[in-house]
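Please open the model in a viewer and keep a selection tool at hand. The tour moves from one selection to the next and describes what is found at each stop.

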Amino acid sequence: MKDKGVNSNLATAIRTVVVVIMSWGMVFLTNTQSGITGISKKSWIFLILSGLATGASWLCYYRALQIGETSKVVPVDKLSVVITLLLAFVFLHEEFTVKSFIGCVLIGTGTLIMVI
């Protein structure tokens, strides 16, 4: 049963606070906080853009869960695996193997079957 009483933006904010605490906890636990000064400007830009994309993704995901059927929202979210593999191939020039292709086709087909 869905909890319609929790606003999707509030849920995202709570989740984000937990992620921030856990992430910084790991940084201090592994004593890697000094590495922050060695991050290049280009890496900062990509990290910030990635954070904005992640935040937007979470907001959309929780809103979709709030207004849609979970059995249709979650499979569509998993298409991010396919998108990531394609972007890695195009921009990072990673090898796109037969296994990767079959995996993408299966995930795409499974998603389509779930949302129909």
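Begin by selecting Thr 111 together with Pro 75, Val 76 and Leu 79: Thr 111 touches these three residues, leaving aside those up to four places away in sequence. The model is a predicted one, and Thr 111 belongs to its helix H5. Is Thr 111 buried or exposed? Its relative accessible area is 6%, and because the limit for a buried residue is under 20%, Thr 111 counts as buried.

**The whole chain**

Now select the complete chain and display it as a cartoon. Five helices and zero strands appear, so that the pattern read along the sequence is α-α-α-α-α. The radius of gyration is 18 Å, well over the 13 Å that the globule rule gives for 116 residues, so the chain is more spread out than a compact globule. Along the principal axes, the C-alpha atoms fill a box of roughly 50 × 45 × 25 Å.

Next, switch to a surface representation. The chain exposes about 9,000 Å², with carbon and sulfur atoms supplying 73% of that area. Buried residues account for 12% of the 116 residues. Which share of the contacts between residues at least 6 apart in sequence joins residues at least 24 apart? That share is 65%.

Colour the charged side chains before moving on. There are 9 positive and 5 negative side chains, and the centres of the two sets lie 6 Å apart.

**Helix H1**

Select residues 8-29, which make up helix H1, and locate Ser 23 within it. Ser 23 is partly exposed, at a relative accessible area of 39%. Draw a distance from its C-alpha to that of Ile 116: the two residues are 93 apart in sequence and 38 Å apart in space.

Remain in H1 and select Trp 24 and Phe 28, which are four residues apart, about one turn of the helix. The model contains three aromatic pairs. One of them is formed by Trp 24 and Phe 28, a tilted pair with 5.9 Å from centre to centre and 35° between the planes. Trp 24 is partly exposed, with 42% relative accessibility.

**A second aromatic pair**

Select Phe 89 and Phe 96. These two residues also form a tilted aromatic pair, at 5.4 Å centre to centre and with 50° between the planes. Phe 89 is partly exposed at a relative accessible area of 42%, and Phe 96 is likewise partly exposed, at 26%.

**Two loop residues with positive phi**

The last stops concern the backbone. Most residues other than glycine have a negative phi.

Select Asn 31, in the loop between H1 and helix H2 (41-67). Asn 31 is not a glycine, yet its phi is positive, about 55°. Its relative accessibility of 55% places Asn 31 among the exposed residues.

Then select His 93, in the loop between helix H4 (80-91) and helix H5 (98-115). What is the phi of His 93? The value is near 55°, again positive in a residue other than glycine. His 93 counts as exposed, at 67% relative accessibility.

Note on methods. Residues numbered from 1 in each chain as written. Predicted model: local features only at pLDDT ≥ 70, side-chain atom pairs only at ≥ 80, totals over all residues. Heavy atoms only, no water. Helix = DSSP H or I, 4+ residues; strand = E, 2+ residues; numbered from the N terminus. Rg over C-alpha atoms; globule rule 2.2 N^0.38 Å. Buried < 20%, exposed > 50% of the residue type's maximum accessible area, 1.4 Å probe, protein only. Contact = heavy atoms within 4.5 Å. Areas by Shrake-Rupley, 256 points an atom, 1.4 Å probe, with all protein chains shown as cover. Lys, Arg positive; Asp, Glu negative; His and termini not counted. Charge placed at Lys NZ, Arg CZ, Asp CG, Glu CD. Phe/Tyr/Trp six-rings, centres within 6.5 Å; stacked < 30°, edge-to-face > 60°.
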